[in-house]
Amino acid sequence: MTVRTPLRVSFFGGGTDYPEYFADRPGAVLGMAINQHIYVTALARPKFLKHEFQISYSRMERVSRLDEIEHPAIRAALEEHKFLDPIDLTTLASLPSQTGLGSSATFMVGLLNLLAQLGGKTRTKYELAMDAIRMEREVLGHTCGVQDQLHAAFGGWNRFDFHGERIQQRPILAPQETLERLTSSMYLVFTGQTRSAPQAIAAQLEGTRSGTITDELEAAYELVGRGQAIIEAGGGDAVERFGRLLHEGWMLKRQFSTAVSNEAIDGLYAHGLANGAYGGKLCGAGSGGFLLFVVDPARREQFLQAFEPDSYVKVACDWSGTHVTAT
């Protein structure tokens with residue numbers, strides 16, 4: 001059985017999706033699941049084989065007991081589901097991890113979906129997202145936001161609102177033509193740098209707890225409503241307005257901490273703007289990964305010729321969210 005789960009791009013509101021922030025004030029994010037995926041596949045292994053668990057990701061593990069599995073997320077998920085039968089578990093990704101596209105959350109959602117399916121359990125997308133959030137934050141002890149799991153589970157264009165214990169999904173209600181024009185103008189450009197999310201968000205969370213970036217986070221929350229209004233209103237200038245709002249949001253996010261960007265990222269971003277992009281942002285918490293650009297359709301060829309062919313990825317929407325592709 002194989003489960004396919006999408007990565008995501010977050011447009012607005014990043015930083016307000018941490019429980020450390022929205023415990024006592026409203027937070028929200030606007031984003032989209034994209035046509036880049038993580039695949040998790042499982043095959044039953046004959047019980048007479050020496051190694052009961054064969055786990056394949058960036059390395060290969062062959063072990064006899066669950067507690068011998070070194071991959072912490074896989075070990076925790078299998079233990080949580082009391083999955084004791086011999087299994088061959090493989091994960092593949094269409095883009096590298098630690099690039100700001102929510103890969104760890106996407107993997108967790110896909111793994112939990114796969115294990116639920118193998119166990120004959122029916123889980124809603126919301127339940128899968130909430131379970132992945134609990135596993136990452138409470139079981140594995142990761143300091144992470146909660147939007148990545150939701151985008152991975154649901155797919156599509158969504159606004160998610162957070163306040164206290166409440167999480168609400170709001171699908172973006174926009175003309176299909178507007179959404180297609182927006183996505184056809186989006187490109188991911190690799191900065192050449194990967195980063196560790198826990199390290200990248202440490203300074204941001206310190207600012208959240210101390211209150212030194214409260215004004216910036218409130219402004220990020222306000223951008224979510226403005227971005228949603230642009231998309232749902234549509235119109236011939238929607239791409240330009242959306243791209244310029246992304247630029248405004250990126251300038252704001254750079255104020256969260258000095259760890260968000262660096263000279264190389266700033267130079268690459270300026271290069272994109274000089275060659276046809278209305279605006280963009282760095283995906284994820286910062287310090288590396290992919291830059292997302294919204295490009296003027298009339299200058300698309302100029303933009304693409306300004307970058308190495310292997311450095312950018314065309315973006316499209318994944319509407320399915322996590323789901324079984326093969327049994």
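1. A good place to start in this predicted model is helix α2, which spans residues 72-80. Five of its residues are buried: Ala 73, Ile 74, Ala 76, Ala 77 and Leu 78. The cover over these buried residues includes two strands, β3 (53-56) and β5 (87-93), together with the helices α3 and α4. If you follow the chain onward from α2, you soon reach Lys 82, which has a positive phi of about 50°.

2. Lys 82 deserves a moment of its own. Its phi is positive although the residue is not a glycine. Lys 82 sits in the loop between α2 and β5, and its relative accessible area of 67% makes it exposed. Gln 98 is another residue to look at here: its phi is near 60°, again a positive value in a residue other than glycine. You will find Gln 98 in the loop between β5 and α3. Is Gln 98 buried, exposed or partly exposed? With a relative accessible area of 40%, Gln 98 is partly exposed.

3. Next, have a look at how α3 meets α5. Helix α3 covers residues 103-118 and helix α5 covers residues 147-154; their axes come within 8 Å and cross at roughly 50°. Because of that angle, α3 is described as oblique to α5. The crossing is right-handed. On the α3 side the contact is made by Ala 105, Thr 106 and Val 109, and on the α5 side by Asp 148, Gln 149, Ala 152 and Ala 153. Sorted by class, the residues of this contact are four nonpolar, two polar and one charged.

4. Now for the salt bridges, of which the structure holds 18. As a reminder, side chains of opposite charge can pair when their charged atoms come close. A network of salt bridges links Glu 80, Arg 123, Glu 127, Asp 131 and Arg 134. Glu 80 brings us back to α2, as that helix runs over residues 72-80.

5. Within that network, the pair Arg 134 and Asp 131 is worth a closer view. Their side chains meet in a salt bridge at 2.6 Å, N to O. Why are Arg 134 and Asp 131 separated by about one helical turn? They are three residues apart in helix α4, which spans residues 125-139, so about one helical turn lies between them. In general, an α-helix has 3.6 residues a turn, so residues three or four places apart point the same way. The two partners fall into separate burial classes: Asp 131 is buried, at 10% relative accessibility, whereas Arg 134 is partly exposed, at 27%.

6. Further along the chain, helices α8 (residues 214-233) and α9 (residues 238-253) have axes that come within 10 Å and cross at roughly 175°. The two helices are therefore roughly antiparallel. From α8 the contact takes in Glu 216, Ala 219, Ala 220, Leu 223, Arg 226, Gly 227, Ile 230 and Ile 231. From α9 it takes in Ala 238, Arg 241, Phe 242, Leu 245, Glu 248, Gly 249 and Leu 252. The residues of this contact divide into nine nonpolar, two polar and four charged.

7. One of those contact residues, Arg 241, gives a handy landmark in helix α9. Arg 241 is partly exposed, at 36% relative accessibility. Which residues does Arg 241 contact, leaving aside its neighbours within four places in sequence? They are Ile 230 and Gly 234. For a sense of scale, Arg 241 and Glu 52 are 189 residues apart in sequence and 55 Å apart in space, C-alpha to C-alpha.

8. Helix α9 also carries a salt bridge of its own, between Glu 240 and Arg 244, with the closest N and O atoms 3.0 Å apart. These partners are four residues apart in α9, so they too are separated by about one helical turn. Both ends are partly exposed: Glu 240 has a relative accessible area of 30%, and Arg 244 is at 45%.

9. Finally, Asp 266 and Arg 254 join their side chains in a salt bridge at 2.9 Å, N to O. Asp 266 lies in helix α10 (residues 263-274) and Arg 254 in the loop between α9 and α10, so this pair ties together parts that are twelve residues apart in sequence. Asp 266 is partly exposed at 27% relative accessibility, and Arg 254 is partly exposed at 32%.

Conventions: Residues are numbered from 1 along each chain as its sequence is written. This is a predicted model: local features need pLDDT of at least 70, side-chain atom pairs count only at pLDDT 80 or more; totals for chains, interfaces and linings use all residues. Side-chain values use heavy atoms; hydrogens and water are left out. Axes are lines fitted to C-alpha atoms, for helices over the stretch in contact, and angles run from 0 to 180 degrees between N-to-C directions. Angles under 35 degrees count as roughly parallel, over 145 as roughly antiparallel, 65 to 115 as roughly perpendicular and the rest as oblique. Contact means heavy atoms within 4.5 Å. Ala, Val, Leu, Ile, Met, Phe, Trp, Tyr, Cys and Pro count as nonpolar, Asp, Glu, Lys and Arg as charged, and the others, Gly among them, as polar. A salt bridge is a side-chain nitrogen of Lys or Arg within 4 Å of a carboxyl oxygen of Asp or Glu. Buried means under 20% relative accessible area, exposed over 50%, partly exposed in between (1.4 Å probe, protein chains only). A crossing is left-handed if the near helix is turned anticlockwise from the far one by less than a right angle, and right-handed if clockwise.
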